[in-house]
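Subject: Structure handover

Hello,

Here is the structure I said I would pass on. Please open it and keep it beside this message while you read.

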Amino acid sequence: DASSIKKLSVELPDSVPVPAMGRKDSWSLGEGQAPDELEKPVDNPPLSTLLIESPQSGTVTVGDITFVAKVEAKDLLRKPTIKWFKGKWMDLASKTGKHLQLKETFDRITKVHTFEMHIIKAKDNYAGNYRCEVTYKDKFDSCSFDLEVKAGTGSQNIDIRSAFKRSEGQEDAGELDFSGLLKHNQEHKQQDDTPEVDVWEILKNARPDEYEKIAFMYGITDLRGLLKRLKKIPKEEKKLEFAKKLDPAYQVDKGGKIRLVVDLADPTIELKWYKNGQEIRPSPQRYIFEHKGTQRIMVINNCTANDDAAYSVVAGDEKCSTELFVKLPVKIVKGLEAMKTTVNERIELECEVSEEGAQVKMKNGVEVPTGVRSRYRVKCEGTKHFLVIDDASRDDTGTYSIMASGGTSEAHVQVDKPLKIYQDLQDMTVLLGQPIKLHCEIYPGNVPGRWYRNGQLIQPSDRLNIIHRNRVHRLEIATSSLHDAGDYTFVPEGYSQSLSAKIHIIPPRVHLDSLNFPDNTVTVVAGNKLRLEIPISGEPAPRVVWMKGERVILESGHRVHAETHGDQTSLTIEVTEREDTGNYKIVLQNEAGEATASVKIKVVIPDAPDAPLVPVVGGDWCSMTWEPPKYDGGSPILYYIERKKKQSSRWMRLNFDLTKETMFEPKKMIEGVPYEVRIFAVNAIGVSKPSEPSKAFTPLVTSEPTMLVVDDVTDTTVTVKWRPPETIGAAGLDGYLVEYSIEGDDWIVSNKELTEKTRYTITGLSPGCKILVRVKAINAAGASTPRTLQHAILVKEVVPPKIRVPRHLKQTYTRKVGETVNLVVPFMGKPRPKVTWLKDGKPIEASQVTIRNTDCDSIIFIRKAERSHSGKYEMTVQVENHVDTAIIDIQIVLPGPPQCVNIEDVWGGNVALVWTPPKDSGNAPITGYTIQKADKKTMEWFTCIEHYHRNCITITELVVGNEYFFRIFSENMCGLSETATQTKKSALIVKELQMKIPEYNDHDFKEAPKFTQPLINTFAVAGYNTTLNCSVRANPRLQPKVIWMKNKITIIDDPRYRMFSSQGVCTLEIRKPSPYDGGMYTCKAINELGEAQVDCKLEVKGFTFYELMQRGVPLNLIDKYMTETKVVEQEK
């Protein structure tokens, strides 16, 4: 009942202690708590928001007062527990009576619990701090409030001077004598209604050292009682905004997170944070503001050096400040290095950090002890840190690490027993086929060891013998081979020391020093014969190959051929030509290895000059220049020049007197006709080949460019574009020159090199300036008349707008009726674009859809979607004359029920239902139906089938004798329809008639094998795996036997072939085929009903001579392979 009120009333016993200043019937709520403790703050646990209305502090003048607390019971299963306290711990439930009453009420409509505490005829000793605590299971909430009791108006007329006079017969009254004061109250009224002087105000405003003087002045003799009374008068303290301020300073590592926390006395006051006097705005990545009860927290993420500053927080008129210091992490610049040593040696590990005075830790599994008696010493020199072990032992072996705040480093230290070496291994140079003997002697002699060659362990064999006798260790090889060359190492077992030596096998050699030519370069005049004879050596006699580039010089050549006789080889060129110039390579090969050498042959003849340049073209003349030839043949060079028309093939000599200058001016040319020129170099050796012709040029100056316009402008760049000149000479255009002038100053060339494009961007401009731009067309005849913009350009960026529609909004955005629609569409543009929204071509009503626009995105929000919100929303973003649009299709869906459900037929325990689709599909296609049935007697609905897609169904297994109703829900992507369509008539199930079911014979599905995909003729590359595939059908599937054949011969247990079959697909894999694997392949499938087979041809393509040379195959192997390949082809 909403009006039900619970009253708790308990009379206080007579034995309640009476305060010294009260009467017997007075009641004190502050018993057990000293008055001085009332002013201390009470530590409250964190709130969990159970209280929706908290008790408020109040003031009463010796009368009644009520405190109210309210708790919302919407999410609570039972009534919460409430306790009232005075001070820290005094429970008021035991103090209820005529002066204190606790009440509880519950409103069933609003579901709110109301708790009240009534204090009747409050007295001075009732004043103080109170607390209300509410608990429900694991939730807790509390609230503190104050009660202030002011004295009545009648007490103001009491004369304080007569009240604090000592009583007769007492040495010390101690306190105000109220009974004597009340007895003589009438006398005071008759003598004097009000005291002439307000002594209390004088005492409140006076210093403590003046109390005695004021008491003597006004005739107050009970000074001790006066002081006790002054102490009990509540002091008016200044209200503090902060219950807890910031610490004086904070420190955080770079990249870390720091939390600055203050506690407010009043949680409703507005708070602002400042950094170096500048207000801090919240941002999701850097500054995050949090509220927890009365606490206000600012979190700084990813602290950097810029965050090292002074921070302050202002609440009302009060301010507190702090300093934040960002500490950079100490990084290890140079890490520890692994080392090996022996017993009794000194170990010194060194590392370098990024900061002096950094705190680091040295560890060897555990922290290294560095006491006075410890063998470990740690020293620091600036940024370098050292760990020193003076007298190392084998126990010092291990992994040592150093840790700093910015990283770690570790190294392994190996301490072994000392090893004495009497004789070390010696390096050797051995001829191919000679024996090799390596010998060493160490102490102690009973130590075994292992031999290694190039890091690989050596095992004894018939050719290689390992001997260990006392202190002597030997490795003997009877006959050396090319593979025996390398680095040999002997490692004693149990020691980190090792002995090493290098064995060198002498390979074949080419003796080019006998040529006596500098840099092995042979120079010959063109047309002469050249023969080079070069000594060679090698055991056994090496094979010799001469090569120029990738071309091999054969002995059977006509003009150029090579010969080898005994210990020398020769190269002969019968008539030298300029093409014979180049590097010639000699390759020697035998079992010992391979040697190469190069000889450079230079055929002397002047080089042809480079193509001449024509920098200036006039009306009937031009100016041409060229560079001298790269090689002059050792003789001074002269030149003569030829000229021809571009369409002609006839060259005409221009100077009959040779010139030594590298420039010339042809004259008497026809205007508008394109020409070409070339150069010949002449010296004592002969005439060079002609140079390449120059670029065609025409004696005609081009016109100016056309249609010069501005294409784009930013804060620092301007982009212009234009069209080619209307008149272009036959010589064409070399490019364009772009110039600009800043507000009437001199013209500045923007492109140092000519541009062939008709669009150019001028960079490096100052924002806000105005420039003029002009463009010139350049060709061989010179620069055209410039084309200049009519108006100056203001350098200011205008970024065209661009809407970036999210991927999920490019398709139809579907939501169910009643759901929230919150869409964010980002865009770009500069300056800030103007954004407008239209729905189906009409403005959007603000009462139905909320739209918020920022500099970079637009948000459309619908709190509760309805069917009317469906449609096409058009977003338009405009920056000056630039516009971009996007369309977002929003569909709010909710399906309707089927239109009509009919019972089509009833037979046996079955009912046939037919219905028509819903009239309203809810803006989404119908995905299915849910059919339910109900017995007419109970009308309890049960689901027969869900997610049914057709519009007719037969319901089976119905009980005979029952009568059923049916209803159907429609379903789409958002769920079932709110209502269902029910059949108007019911279906009565009667006893079914029995029917004789005919018998049917099973069909035989067996069939003989048949290939559905035959084998295909295949070409394979030698050395690369290839597969043959086909597919076969047979029933039963597991019965057919598959046989593969090559050239009509069955393939059985051949490791080069791998056969497998899966789901009727038969595969034969040939691993790294060679030309021998080519042929006719057959796949045969057999079962009890018959057999089938398919054939294909496989050809394996080999390598060419050039490909084998590129792979580095020796010539003898190439020759063998080519011979075998020809034999195979002839056999085929």
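Cys 856 has a relative accessible area of 44%, so it is partly exposed. Cys 952 is partly exposed as well, at 28% relative accessibility. The disulfide count for the structure is zero. Please keep in mind that this is a predicted model.

Next, the salt bridges. How many salt bridges does the structure hold? The number is 40. I went through a few of them.

In one of them, Arg 759 pairs with Asp 711, and their closest N and O atoms are 2.7 Å apart. Arg 759 belongs to strand 57 (residues 759-762) and Asp 711 to strand 53 (residues 706-713), so this salt bridge ties together parts that are 48 residues apart in sequence. Arg 759 is partly exposed, with a relative accessible area of 43%. Asp 711 is also partly exposed, at 33% relative accessibility.

Another salt bridge joins Asp 840 to Lys 839, with 3.5 Å between the closest N and O atoms. Asp 840 counts as partly exposed because its relative accessibility is 48%, and the range for that class lies between 20% and 50%.

A further salt bridge is formed by the side chains of Glu 1099 and Lys 1097, at 3.3 Å from N to O. Glu 1099 has a relative accessible area of 33% and is partly exposed. Lys 1097, with 42%, is partly exposed too. Elsewhere, Arg 346, Glu 348, Arg 377 and Asp 390 are joined into one network by salt bridges that share partners.

Now the strands. Strands of a sheet pair through backbone hydrogen bonds, and the pairing is either parallel or antiparallel.

Strand 87 covers residues 1079-1087, and seven of its nine residues are buried. Which strands pair with strand 87? One is strand 83 (residues 1041-1046), which runs antiparallel to strand 87 and is joined to it by six bridges. Within this pairing, Met 1045 has Thr 1082 of strand 87 as its bridge partner. Another is strand 88 (residues 1090-1101), which pairs with strand 87 in the antiparallel sense over nine bridges. Strands 87 and 88 form a hairpin, and two residues lie between them. Asn 1087 stands opposite Gly 1090, which is in strand 88.

There is also an open sheet of three strands, in the order 47-48-51, with antiparallel pairing. Which strands stand at the edges of this sheet? They are strand 47 (613-617) and strand 51 (663-664); each has a single partner strand, so one side of each has no neighbour in the sheet. Strand 48 (residues 622-625) runs antiparallel to strand 51, and two bridges join them. In that pairing, Met 624 has Phe 664 of strand 51 as its bridge partner.

The last item is a single residue, Glu 971, which sits in strand 76 (residues 963-972). Is Glu 971 buried or exposed? Its relative accessibility is 12%, so Glu 971 counts as buried; the cut-off for buried is under 20%. Leaving out residues up to four places away in sequence, Glu 971 touches Ile 926, Thr 927, Gly 928, Thr 930, His 947 and Leu 976.

That is what I have for now.

Regards

Terms used: Residues are numbered from 1 along each chain as its sequence is written. This is a predicted model: local features need pLDDT of at least 70, side-chain atom pairs count only at pLDDT 80 or more; totals for chains, interfaces and linings use all residues. Side-chain values use heavy atoms; hydrogens and water are left out. Helices (H or I, at least four residues) and strands (E, at least two) are DSSP runs, numbered from the N terminus. Buried means under 20% relative accessible area, exposed over 50%, partly exposed in between (1.4 Å probe, protein chains only). Contact means heavy atoms within 4.5 Å. Two strands pair if DSSP finds at least two bridges between them. A disulfide is a pair of cysteine sulfur atoms within 2.5 Å. A salt bridge is a side-chain nitrogen of Lys or Arg within 4 Å of a carboxyl oxygen of Asp or Glu.
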